[in-house]
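Please look through the structure shown below, with its sequence at hand, before reading the explanation that accompanies it.

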Amino acid sequence: MKHLSLRSAAPLALVGALVLSGCVENNASASTSIAVTSTADDCEVESATATSGPVRFEVENSGDDVTEFYVLADDGLRIVGEVENIAAGASRDLTVQLQPGSYFTVCKPGMVGEGVGQAEFSVTGDEVQVSAGDQEAIDEAVASYTAYTKSQVAELVTGTRAFTEAYRAGNDDEARRLFPLARVNYERVEPTAGNFGDLDPKIDYRKPGAEAEGLPFTGFHRIEMDLWIDEARGNYPDEDLQPLDAAGRAALADQLDADIQSLYDEVHADDFELTIDDITNGAIGLLDEVAAPDGKLPGEENEFAHTDLYDFLANVEGAQVAYESVRDIAAANGADGEELVAELDEQFAAMEALLATYGSYDVGFVSYETVDQSARNALGAQLNALSEPLSKLTFTVLGVDPGE
Amino acid sequence: MTDPTPPDGQPSRGVSRRGVLGLAAVAAAGTAVGFGTGRATSSGADDPRRGSHAFHGDHQAGITTPVQQHLYFASLDMTAGASREDLVSLLQDWTAAAAQLTAGQEVGESGATDGSPLAPPDDTGEALGLGPHNLTLTFGLGASLFDREGDPFGIAARRPEALTPLPSFAFDLLEDAISDGDLCIQACADDPQVVVHAIRNLSRIAFGRAQVRWTRLGYGRTSRTDAGQQTPRNLFGFKDGTANILSDDAEALDRWVWASDGWMAGGSYLVARTIQMTIESWDRTRLQEQELVIGRTKGEGAPLSGGTEMTEPDFAMRSSTGDFAVPSTSHVRLAHPDLNDGVRLLRRGYNYVDGNNDLGQITAGLFFLSFQRDPAQFVQIQTALKTDALNEYIRHVGSALYAVPPGARRGEHIAQALFES
């Protein structure tokens, strides 16, 4: 075992009974306790600051729904720690080992959607020295990433419902606006969702893929085709494509909702497990999704809506969260590890900065049709610059003997 | 990348430090020795796979090196936001990898199979066991590298005067997507997999610093640079390169090929032109017409003024009809040094075939490569070809010009002198 210093904003989560060896004996030893009250529409945190080290959040559910409490990293995406299944009127504790940096706290009554009462939370003080390269660090990373996957699928449930409701109601402008946004949560965890072999084809298959496998064409892209029917007729001039009537829309919408719910049930099932390989390989897998011949970079993912840049960013964000959850383990592996995380930090930032020149989820991204070939080449070059070091992450996380 | 085991210059016991190639026993026979001109001898006569050329030397290999059978040429652009440090580190990493590749070694510290099973291999592996096959890797720098807005590489002031984009020529139909580029790599070897492997690995090393702009796969050398080489044929079916500058002609090399000024001293300038042939039209042309267009016989390659392939053309000779025996619009006459103030080029082109177009016509032609002391030599000859009868059967669709720095000496990286004041 060797000692290392974790970098700032590089926390390790302690969920439930998990303890970090050599640092925290159990929850009771937490030096700081902060009361949290979860209500139907707010998430009151007693103090917005804490000193680095173990912090215990004592979460009381004053609402009527079962709730959850999250501590998120400064990107608002990566889950540093979470406590689930807090019944109405009940209390549960979450103890997390927090390094100096900025975080967010948020509650999620009903356990789906984006949550309520998101607030900034800052941690000051010295970096906490921990032992790493050990199983506990890996367990923490897996716990953190598993929680992220669950929360993304939970948000996918509500985001998809809003989208399908607009579509069912014939509110096409709103449905077109929500289409790329609803997909973001799916794209962030695409390799995990893809592991459920029967669901991904129903939810996310493109028209050529469904037809090649003789499957009914359903899901996001089937609705996309209906919402952008003129574009679809242009892409498939030899086919007599007709807009769907209300009953046809309802059938598609109902099925997508049901399939997304099935995905939710799968990732929230007791036997749902991810491994450290799922995380590190999933990270590179997400970027492969971007670069694939039927992916975002060639503009084939959303061939009617041309909203590929939303999916592009979502894949990159998902990869970054996966990376961030193992970043400390990688950084702990000597000079090579330090070099790799420095390179990945830089390349993730450069990739997102380049994508930001085309828009954002909030203000919208430009149609991918307006991105010319040389601009696509530049996106591809940056994607390569990120993918090449990311392909070494699994080895750097797992391939070095922690005892050396 | 770390410095590789020096693979060249003197007989080495271990071709591969991992011994994967199993060539250690023959390394001494297969390792080339650099001479003053940078020319390397290929001494693996008993096994052509083992012929190799030193990467380090006074001049870059791949210019006077006996022309190999296969080419893979890559043009790359530096990525947006790349810095001088990125450019220098790329040239350093390429130097290290090129020294390994030209010695038939795998790229990187752990090669294709000796790394961790959890990591992608350093080397992509498709050349395992093939040997160097006389691989040469020749690197060049395009004008756009020096001209980039804001001069991020700090080299604008060091751009050689000769590195000025080529002018437009009559009948040019240039496509931007297969022209120009910040950097180039010419990979030549006697095995197609070896050249593909080299470019694939070098472009992989470049990710994040440079990206491929265009590539060209060539086969069947269309010229010779060594007196011992047969004159090959191009896709018109004619011998090409009979009057080329040969590697043992030191005087001609100094006069026409090697640059002598500043950081480019010992380097050269490379013109790369993708010349598409209208294959179907040519094939419907009668033999007599074909020979009048070229100015040589198709079989022997002799000038139409008579003799054999190596007979100098007699441009004054008249045929029975009173016209020049070697017609005034023939390619041989217009391109010949005698009618161009003695100007010569070192040609090193390859045939290429790149599928077909939507009309079912073969997309094929000559990937023309010439090295010269000054691009003005090429400009003079290409301008003279304006009335060339061959123009009916060709279109120049791609064009690029690169400064090819002198060879890197041991311990130096490619183009090191460019970055030293």
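The paragraphs that follow take up a sheet and a pocket in chain A, and then a strand, a cavity and two backbone positions in chain B.

The model is a predicted one, and the values quoted here are computed from it. In chain A, an open sheet of four strands runs in the order 3-2-5-8, and its pairing is mixed. Strand 3 (43-45) and strand 8 (91-98) of chain A form the edges of this sheet, and because each of them has a single partner strand, one side of each is left without a neighbour in the sheet. From one strand to the next the twist averages 25°. Within the sheet, strand 2 (residues 32-38) of chain A pairs with strand 3 of chain A in the antiparallel sense, over three bridges, and in this pairing Val36(A) has Val45(A) of strand 3 as its bridge partner.

Chain A also supplies the elements around the second largest pocket, whose volume is about 760 Å³. Of the 33 residues that line this pocket, Glu114(A), Glu155(A), Val184(A), Asn185(A) and Arg188(A) are the closest to its centre. The elements of chain A that contribute two or more residues to the lining include helix 1 (135-168), helix 2 (172-188), helix 10 (308-331) and helix 11 (334-356), as well as strand 6 (67-72) and strand 9 (101-107). The lining takes at least three residues from each of domain 1 (3-131) and domain 2 (149-398) of chain A, and by class its residues divide into 16 nonpolar, nine polar and eight charged.

In chain B, how many of the residues of strand 2 (residues 136-142) are buried? Seven of its seven residues are buried, and the strand is accordingly described as mostly covered. In a regular strand the side chains alternate between the two faces of the sheet. In strand 2 of chain B, Thr136(B), Thr138(B), Gly140(B) and Gly142(B) point one way while Leu137(B), Phe139(B) and Leu141(B) point the other way, and all of these residues are buried. Strand 2 of chain B pairs in the antiparallel sense with strand 3 (residues 183-189) of chain B over six bridges, with Phe139(B) standing opposite Ile185(B). Strand 2 of chain B is also paired with strand 9 (residues 394-404) of chain B, again in the antiparallel sense, over two bridges, and here Gly142(B) stands opposite Tyr402(B).

Strand 9 of chain B appears once more among the elements that give two or more residues to the lining of the largest cavity, together with strand 5 (268-277), helix 8 (331-335), strand 8 (362-372) and helix 9 (375-384) of chain B. This cavity has a volume of about 710 Å³, and a search of the whole structure finds six cavities of 30 Å³ or more. It is lined by 37 residues, of which Asp240(B), His331(B), Ala335(B), Arg347(B) and Phe368(B) lie nearest its centre, and its lining comprises 19 nonpolar, 11 polar and seven charged residues.

Two backbone positions in chain B remain to be described. Asp151(B), although it is not a glycine, has a positive phi of about 50°, and this residue is found in the loop between helix 3 (143-147) and strand 3 of chain B. Ala415(B), in the segment after strand 9 of chain B, likewise has a positive phi, near 60°, in a residue other than glycine. Asp151(B) is partly exposed, with a relative accessible area of 28%, whereas Ala415(B) is buried, because its relative accessible area of 5% falls under the 20% limit for a buried residue.

Technical notes. Residues are numbered from 1 along each chain as its sequence is written. Chains are lettered from A and ligands numbered from 1 in the order in which they are written. This is a predicted model: local features need pLDDT of at least 70, side-chain atom pairs count only at pLDDT 80 or more; totals for chains, interfaces and linings use all residues. Side-chain values use heavy atoms; hydrogens and water are left out. Buried means under 20% relative accessible area, exposed over 50%, partly exposed in between (1.4 Å probe, protein chains only). Two strands pair if DSSP finds at least two bridges between them. On a 1 Å grid over the protein atoms alone, a cavity is a set of points where a 1.4 Å probe fits but cannot get out, and a pocket is an open set with protein on both sides within 12 Å along at least five of seven lines; lining residues have an atom within 4 Å of a point. Grid points are joined across faces, edges and corners, and a volume is the space filled by probe spheres set on the points. Ala, Val, Leu, Ile, Met, Phe, Trp, Tyr, Cys and Pro count as nonpolar, Asp, Glu, Lys and Arg as charged, and the others, Gly among them, as polar. Domain bounds come from an automatic or database domain assignment. Axes are lines fitted to C-alpha atoms, for helices over the stretch in contact, and angles run from 0 to 180 degrees between N-to-C directions.
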